[in-house]
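Here's a walk through this model, one region at a time. Keep the structure open next to the text and turn it as we go.

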Amino acid sequence: MPHATGRVDAARAVVFAPLDGTGRAELVEKRLTDAIVTGVLHDGERLPSEADLSRSLGVALVTAREALEVLRDKGLVKTRRGRDGGSFVTFDRDAATRLLERRLRELSRIELRDFALHTSAIAGTAAETAAGRASDDDIEALVRIADAADLTTAGGARRAVSRFRLEVAAVSQSPRLVHEEMRLQGEAGSLLWMCLREQEYRDRSAIARTRVIDAIRDVAPDKARAETITHINSAFEWLIDERARIDARTEDAASDPKDVP
C-alpha cells in the first residue's frame, strides 16, 4: 500500500484531492479556505493554476475560477497578471480566526458531535486495523512522522495530525479508509483541530501519537482504537467549550452600552 510519508505532504494531498459530490464552487472555496486558515497553505504561496486546480479537484474550470473569485473577495487570495503572475495566498491571522469561529457558530452541537463520531469511527477503525497489519517499516514511518512534528505553531501541529492519520490509514492497507480519511480531513478537519491553537493541545497530540504507535507496535488493536478515539473526543470537547466562549463574547459585545447608538 503506498504511504504518504516521504513522497508528498499528506496535509497538502488532502487539500488538492478530488472532491466528492457535485463539485460546486462553494466546496472548492471551502476546501481552500480551510487550508489557508489552518496554515497548510502559507502566506505568499502560489496556488496551482485554474486549469491545474480544476484537474486535481475533479471540477470544471469555471468552478475553480468561481471559487478563486470568492477567495479574492474574502481577502484570502490575490491574483497578479503577467509572466510571474498567478493566485497567491494572503494570510491574515485575525481574519482566519474570525472565519473559523463563524463557521463553528453555524454548526449545532448535534452536527459537531455527529462529525466527531464519524471521524472517530474511521480513524479508530484505521488504527485498530493497522495494529494487526503493521510491519516494522510501517512503525518506523509512523515514528518518523511523530518525531518530525512541528508543535511550535497551530499550522505545524495540524499538518502533523493530518500526516499521522493518513499514514495510519495507509498502514491499515484499506484504500477505502484512506479515501474516507482524506475526505473527512478536507471536509472539516480544520474545524475539529482548532484546539491546536493552544500549546497544551499540541502537546496532547504528540502524546496521543506516541500512545497509538505503542499500541500498533504491541499489536493491541483495541488500545490503538481507544487512544485514537480519546484524542478525537478531546478535540470535540474543546470545540464545544470554545463555542460557548465565543457565544458569551458575542452576547457581551451586543450588551455593551458602548455599542448602543
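Let's begin with Lys-30, which counts as partly exposed because its relative accessibility is 26%. Bear in mind throughout that this is a predicted model. Lys-30 belongs to helix α2, which covers residues 25–37. Setting aside residues up to four places away in sequence, Lys-30 touches Arg-103, Gly-186, Glu-187 and Ala-188. If you'd like a longer ruler across the model, take Lys-30 and Ala-157: they are 127 residues apart along the chain, and their C-alpha atoms are separated by 21 Å.

Now look at Leu-184, which sits in helix α9, residues 175–192. Is Leu-184 buried or exposed? It's buried, because its relative accessibility is 3%, and the cut-off for buried is under 20%. Leaving out neighbours within four places in sequence, the residues in contact with Leu-184 are Phe-115, His-118, Thr-119, Ile-122 and Gly-189. Take Phe-115 from that list: Leu-184 and Phe-115 are 69 residues apart along the chain, yet 8.7 Å separates their C-alpha atoms.

Next up is α7, running over residues 136–148. Its length is a nice sanity check: 13 residues at 1.5 Å a residue should span 18 Å, and the end C-alpha atoms are indeed 18 Å apart, so the two agree. Which residues of α7 are buried? They are Asp-138, Ile-139, Ala-141, Leu-142 and Ile-145. Look down the axis of α7 and you'll see these buried residues fall within an arc of 155°, so they line one face of the helix. Over on the other side of α7, Asp-136, Asp-137, Asp-147 and Ala-148 are exposed. And what do the buried residues of α7 pack against? Their partners are α6 (109–133), α8 (154–171) and α10 (199–217).

One of those partners, α8, deserves a look of its own. Helix α8 is mostly covered, with 16 of its 18 residues buried. Its first and last C-alpha atoms are 26 Å apart, close to the 26 Å expected at 1.5 Å a residue.

Follow the chain just past α8 and you reach Gln-173, in the loop between α8 and α9. Here's something to check on a Ramachandran plot. Most residues other than glycine have a negative phi. Gln-173 isn't a glycine, but its phi is positive, near 65°. Gln-173 is partly exposed, because its relative accessible area is 42%. Val-219 is another one to plot: it has a positive phi of about 55° although it is not a glycine. You'll find Val-219 in the loop between α10 and α11. At 53% relative accessibility, Val-219 counts as exposed, because the cut-off for exposed is over 50%.

Time for the strands. Strand β1 (residues 77–80) and strand β2 (residues 86–89) run antiparallel, and 4 bridges join them. The hairpin has 5 residues between the strands, and Gly-82 takes a positive phi near 105° there. Which residue of β2 stands opposite Arg-80? That's Gly-86. Arg-80 has a second thing to show you: its charged end sits over the ring of Phe-88, 4.1 Å from the ring centre.

Finally, let's go back to the helices for the aromatic rings. The count comes to 1 aromatic pair. Tyr-201 and Trp-238 form that pair, and the arrangement is edge-to-face, at 6.4 Å centre to centre with 65° between the planes. The angle earns that label because planes over 60 degrees apart count as edge-to-face. The pair links distant parts of the chain, with Tyr-201 in helix α10 and Trp-238 in helix α11 (residues 221–255), 37 residues apart. How covered are the two partners? Tyr-201 counts as buried because its relative accessibility is 13%, and Trp-238 is buried with a relative accessible area of 3%. The ring of Tyr-201 also has a charge over it: the charged end of Arg-204 sits there, 4.5 Å from the ring centre.

Methods. Residues numbered from 1 in each chain as written. Predicted model: local features only at pLDDT ≥ 70, side-chain atom pairs only at ≥ 80, totals over all residues. Heavy atoms only, no water. Helix = DSSP H or I, 4+ residues; strand = E, 2+ residues; numbered from the N terminus. Expected span 1.5 Å × (residues − 1). Buried < 20%, exposed > 50% of the residue type's maximum accessible area, 1.4 Å probe, protein only. Arc of directions from axis to C-beta. Contact = heavy atoms within 4.5 Å. Pairing = 2+ DSSP bridges. Phe/Tyr/Trp six-rings, centres within 6.5 Å; stacked < 30°, edge-to-face > 60°. Lys NZ or Arg CZ within 6 Å of the ring centre and 35° of its normal.
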